[in-house]
Structure formats: C-alpha cells, structure tokens
Amino acid sequence: FRQTADKIGWLDSTLWNYRFRPMIALFQDMCLWEFTAYYEPKSKTTAEKKKQTNEIRIDEEDDNPDKCNQWEFSPNHPGRDFICIKKRKIASVPMLYYKDELPDMSE
C-alpha cells in the first residue's frame, strides 16, 4: 500500500504497474521480467501533479527509450496521478518471492 502526504492511497504492486503500463509500442509486447528489470515507478513532482492529465503527457507517445526516460501509466492505474514509470539507470535482476521451497515446475 502506498499513500501521499495527503493520505490518498493505492495498492502498490509490481503486477499492477505491469498491468497498467503505458500502452505504446515499447511496452506492448514486453514481458513482466523485462518491465521489472529495466523500468521502475517514480513519484511525480509537485509541478507534475498540479498539471492537468492532458498537459502532462510525459513522453507518452514516444516509444524510443534513448530519447526519453519517463512515461505515464495507463488511465486505469490507481496511482497514475502520483507516479509514472521511468527507465532505470542500471538494470536490476527481478526477484521471485516464494514460501518454503521453489515449486516443482515439471508437474
């Protein structure tokens, strides 16, 4: 769970961020592992939050990660007004969390 200083909250989840990722060519066929390894949520600045949604289009149409490094989540993302997605400076290795032992994938 994540919330702003004004106590406005939303479910903070990597899966929700992936589900409501920007729907541009760059992200359209991207798998969860790649999304998590190369992109992360970023809190919007106060100035970005104050702008109207149609004014703040943070490189929403630009799907070239070399030209831009920040995009809006899709309109249904519960935290869209407060966070956006940005390209990581250094890729990370996504972690799997499991209880007890790894599941047997051969079954």
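**Close-ups of a predicted chain**

**View 1. The outside of the chain.** The chain exposes about 7800 Å², and carbon and sulfur atoms supply 49% of that area (accessible areas come from the Shrake-Rupley method with a 1.4 Å probe). What you see is a predicted model, where local features need pLDDT of at least 70, side-chain atom pairs count only at pLDDT 80 or more, and totals for chains, interfaces and linings use all residues. Residues are numbered from 1 along each chain as its sequence is written, and side-chain values use heavy atoms, with hydrogens and water left out.

**View 2. Helices and strands.** Look for 4 helices and 5 strands (DSSP runs numbered from the N terminus: H or I of at least four residues for a helix, E of at least two for a strand). Follow the sequence and you get β-β-α-α-α-β-α-β-β.

**View 3. The largest pocket.** Its volume is about 440 Å³, the space filled by probe spheres set on grid points joined across faces, edges and corners. A pocket here is an open set of points on a 1 Å grid over the protein atoms alone, where a 1.4 Å probe fits, with protein on both sides within 12 Å along at least five of seven lines; lining residues have an atom within 4 Å of a point.

**View 4. Who lines the pocket.** Of the 19 lining residues, Thr-14, Leu-32, Thr-36, Pro-94 and Met-95 lie nearest the centre of the largest pocket. Helix H1 (14-19), helix H3 (32-38) and strand S3 (39-43) each chip in at least two lining residues, and H3 gives the largest share, 4 residues.
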